[in-house]
Structure formats: structure tokens, C-alpha cells
Amino acid sequence: MMIYLYINISFFCGIWVFSSNRKHLLATLLSLEFIVLTLYFVLYYYLTSFNFELFFSMVFLTFSVCEGALGLSILVSMIRSYGSDFFSAYSMLQC
């Protein structure tokens, strides 16, 4: 039963970091990856507890890696265009 408490605490810590006012885009992307990793642990624990196939967990992990690569490519594109990853350095309406 303690695993549920640890999973809930880690998930809500990730949500709290994501929703707090961050200056850097990299910190926001890292908190999103932390939330995805927590969801992966929940999915893996659920599938193993009911003796299901673990194929869907590999599909989820593949999509989460693609999401992380897309976020990093957007980060690199924004750094090349604007010079930094600060949210206050540019207006989001100009993109």
C-alpha cells in the first residue's frame, strides 16, 4: 500500500513543479518527463499486478521518448531563434 502513496506524491510533485511559475523551458520539459516517468511506473505496476502483457508499456515508453525528443527539438529551435530559453525573453504571440 505504500507504493500508492509514493506514486501519488511523486505525481503531484511533478504537477506542482510543472504548474509553478518557471523561467526556463528546460525545467518545464524536465517536469513533464518526470510526470511521464511516474505514469509509466503506474502502468507497469498495474500490468504486472494483473499478469497482463507488457507490450502496451513498451508502446507507452516509445511515445514518451518521441514526446521528449520533440520537446528537445523545440527547445533547440527556440534557443537558436531567440538566444535563450527564458520565457520572458520573447513574446509567445510572435511565434
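Below are short exercises with worked solutions on a predicted model.

**Exercise 1.** Is Ser-57 buried or exposed? Place Ser-57 in its helix and list its contacts beyond four places in sequence.

*Solution.*
- Step 1: locate the residue. Ser-57 sits in helix α3, which covers residues 55-82.
- Step 2: check the accessibility. The relative value for Ser-57 is 2%. Buried means under 20%, so Ser-57 counts as buried.
- Step 3: find the neighbours. Leaving out residues up to four places away in sequence, Ser-57 touches Tyr-40, Leu-43 and Leu-47.
- Step 4: trace these contacts. Tyr-40, Leu-43 and Leu-47 are among the buried residues of α2.

**Exercise 2.** Compare the span of helix α2 with its expected value, then describe its buried residues and what follows the helix.

*Solution.*
- Step 1: take the length. Helix α2 runs over residues 25-49 and has 25 residues.
- Step 2: compare the spans. From first C-alpha to last, α2 reaches 36 Å, close to the 36 Å expected at 1.5 Å a residue.
- Step 3: pick out the buried positions. They include Leu-25, Leu-29, Ile-35 and Val-36. Thr-28, Ser-31 and Thr-38 are also among them.
- Step 4: identify the cover. The buried residues of α2 are covered by elements including α1 and α3.
- Step 5: step past the end. Asn-51, just after α2, has a positive phi of about 60°.

**Exercise 3.** Is Met-1 buried or exposed? Which surface patch does Met-1 help to make?

*Solution.*
- Step 1: locate Met-1. It lies in the segment before α1 (2-19).
- Step 2: apply the cut-off. Exposed means over 50%. Met-1 has a relative accessible area of 80%, so Met-1 is exposed.
- Step 3: assemble the patch. Met-1, Ile-3, Tyr-4 and Tyr-45 make a nonpolar surface patch of about 450 Å².

How values were computed: Residues numbered from 1 in each chain as written. Predicted model: local features only at pLDDT ≥ 70, side-chain atom pairs only at ≥ 80, totals over all residues. Heavy atoms only, no water. Helix = DSSP H or I, 4+ residues; strand = E, 2+ residues; numbered from the N terminus. Buried < 20%, exposed > 50% of the residue type's maximum accessible area, 1.4 Å probe, protein only. Contact = heavy atoms within 4.5 Å. Patch = residues over 30% accessible without salt bridge, like charges linked within 9 Å, V, L, I, M, F, W, Y side chains within 5 Å. Areas by Shrake-Rupley, 256 points an atom, 1.4 Å probe, with all protein chains shown as cover. Salt bridge = Lys/Arg side-chain N within 4 Å of Asp/Glu carboxyl O. Expected span 1.5 Å × (residues − 1).
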